[in-house]
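Reader: I am new to reading models like this one. Could you take me through some of the labels and where they come from?

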Amino acid sequence: MSEKKFVSPVKPVGMELVILYPCPYCGRNVPLLAPVEPSMGSCDMCKKQFPLVPIDNTTVQYIKLILHNGQAPIDPGYA
Ligand SMILES: [Zn+2]
């Protein structure tokens, strides 16, 4: 017998907003965690860095609230 363990599907415990920022150098839409203050993002394609327009933190918190921090959108088949 192998020691393979059955791992049941894992439920999310939280969530973050991912925002797409178009890289000004190569044009790729770079997925980045929503920055709530001005910061630098780096392109995962051309590796260059560029400044980001921040996302309003109240909006981020609101979206997390209405989605119950990731619990609300769980597929009903797994609830
Ligand atoms: Zn780029």
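Reader: Why is Asn 69 called partly exposed?
Author: Count the C-beta atoms around Asn 69: 14 others lie within 10 Å. A residue is buried with 20 or more other C-beta atoms within 10 Å of its own, exposed with 12 or fewer, and partly exposed in between; C-beta atoms are placed from the backbone. With 14, Asn 69 falls in between, so the label is partly exposed. A caution: this is a predicted model, where local features need pLDDT of at least 70, side-chain atom pairs count only at pLDDT 80 or more, and totals for chains, interfaces and linings use all residues. Residues are numbered from 1 along each chain as its sequence is written.

Reader: What does Asn 69 touch?
Author: Leaving out residues up to four places away in sequence, Asn 69 touches Gly 14, Met 15 and Lys 64. Contact here means that two C-beta atoms, placed from the backbone, lie within 7 Å. Asn 69 and Gly 14 are 55 residues apart along the chain, yet their C-alpha atoms are separated by 5.0 Å.

Reader: What is the sign of phi at Asn 69?
Author: Positive, near 50°, in a residue other than glycine. Most residues other than glycine have a negative phi. His 68 is not a glycine either, and its phi is positive too, at about 50°.

Reader: Is His 68 buried or exposed?
Author: Exposed, because His 68 has 11 other C-beta atoms within 10 Å. His 68 is found in the segment after helix H1, residues 57-66. Asn 69 lies in that segment as well. Helices are DSSP runs of H or I with at least four residues, strands are runs of E with at least two, and both are numbered from the N terminus.

Reader: What makes H1 hardly covered?
Author: Its buried count. H1 has 10 residues, and zero of them are buried. Take Asn 57, which lies in H1. Asn 57 has 12 C-beta neighbours inside 10 Å, so it counts as exposed. The C-alpha atoms of Asn 57 and Met 15 are separated by 14 Å, with their positions 42 residues apart along the chain.

Reader: How do you know that E1 and E2 pair?
Author: Two strands pair if DSSP finds at least two bridges between them. Five bridges join E1 (residues 18-22) to E2 (residues 29-33), so they pair. The two strands run antiparallel. Tyr 21 stands opposite Val 30 in E2.

Reader: What lies between E1 and E2 in the hairpin?
Author: Six residues. Gly 27 in the turn has a positive phi of about 85°.

Reader: In what order do the elements of the protein run?
Author: From the N terminus on, β-β-β-β-α. That is four strands and one helix.

Reader: How does the radius of gyration of the protein stand against a compact globule?
Author: The protein has 18 Å, but a compact globule of 79 residues would have a value near 12 Å. The radius is taken over C-alpha atoms, and the globule rule is 2.2 Å times the number of residues to the power 0.38. The C-alpha trace spans about 55 × 35 × 15 Å along its principal axes. Of the 79 residues, 1% count as buried.
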